[in-house]
Amino acid sequence: MKTTLNALAEPNRLHIIELLRDGPLTVGEIADRLGLNQPQASKHLRVLSNAGFVEVNAIANRRIYKLRAEPFKELDSWLESYRNIWNERFDRLDDYLQDLQRKD
């Protein structure tokens, strides 16, 4: 999980993830949309690839990147335990507020 969170913590990498939500893009397209030079974009894409977020398809001299679903499913599973904790706390808060309203 640490690798996953570290990969997403950097703003440019998070922006790349957001761009790829709409579909596959080449390194050049990603660099242009983020205002990065191609080596910078490639470096960020390598980190995302190592963390499992993206996969690359090489077509001639072009590298086309797309998102992989698995890391997002793992992240969602990890977050689910926290959702449960917060839902329980919100339920208790709701019960407490309803008790206060009944007393008034």
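**Entry 1: the start of α4**

I began at the N-terminal end of α4, which Asn 37 caps. I noted a side-chain oxygen of Asn 37 at 2.9 Å from the backbone nitrogen of Gln 40. I record here that the model is a predicted one.

**Entry 2: the body of α4**

I then followed α4 through residues 38-50, a helix of 13 residues. From first C-alpha to last I have 18 Å, close to the 18 Å expected at 1.5 Å a residue. Beyond the helix I came to Gly 52, which follows α4 and has a positive phi, near 90°.

**Entry 3: the two sides of α4**

Which residues of α4 are buried? I listed Ala 41, His 44, Leu 45 and Leu 48. Looking down the axis of α4, I found that these buried residues fall within an arc of 100°, so they line one face of the helix. On the face turned away from that buried side I noted the exposed residues Pro 39 and Asn 50. I next asked what the buried residues of α4 pack against. The partners are three helices, α1 (2-9), α2 (11-20) and α3 (27-34), together with the strands β2 (54-59) and β3 (62-67).

**Entry 4: α3**

I repeated the inspection for α3, where Val 27, Ile 30 and Ala 31 are the buried residues. Seen down the axis of α3, they too occupy an arc of 100°, so they line one face of that helix. The face of α3 turned away from the buried side carries Asp 32 and Arg 33, both exposed. Among the elements covering the buried residues of α3 I recorded α2, β1 (25-26), α4 and β3. Just after α3, I found Gly 35 with a positive phi of about 70°.

**Entry 5: α1 against α2**

How do the axes of α1 and α2 cross? They come within 5 Å of each other and cross at roughly 90°. I therefore describe α1 and α2 as roughly perpendicular to each other. On the α1 side of the contact I listed Asn 6, Ala 7, Leu 8 and Ala 9. On the α2 side these meet Pro 11, Arg 13, Leu 14 and Ile 17.

**Entry 6: Thr 26**

Last, I looked up Thr 26, which lies in strand β1. Is Thr 26 buried or exposed? I count Thr 26 as buried because its relative accessibility is 10%, and the cut-off for buried is under 20%. Leaving aside neighbours within four places in sequence, I found Thr 26 in contact with Arg 62, Arg 63 and Ile 64.

Note on methods. Residues are numbered from 1 along each chain as its sequence is written. This is a predicted model: local features need pLDDT of at least 70, side-chain atom pairs count only at pLDDT 80 or more; totals for chains, interfaces and linings use all residues. Side-chain values use heavy atoms; hydrogens and water are left out. Helices (H or I, at least four residues) and strands (E, at least two) are DSSP runs, numbered from the N terminus. The expected span of a helix is 1.5 Å times one less than its number of residues. Buried means under 20% relative accessible area, exposed over 50%, partly exposed in between (1.4 Å probe, protein chains only). The arc is that of the directions from the helix axis to the C-beta atoms. Contact means heavy atoms within 4.5 Å. A polar contact is a pair of N or O atoms within 3.5 Å; within protein, one must be able to donate a hydrogen and the other to accept it, and residues adjacent in sequence count only if both atoms are side-chain atoms. Axes are lines fitted to C-alpha atoms, for helices over the stretch in contact, and angles run from 0 to 180 degrees between N-to-C directions. Angles under 35 degrees count as roughly parallel, over 145 as roughly antiparallel, 65 to 115 as roughly perpendicular and the rest as oblique.
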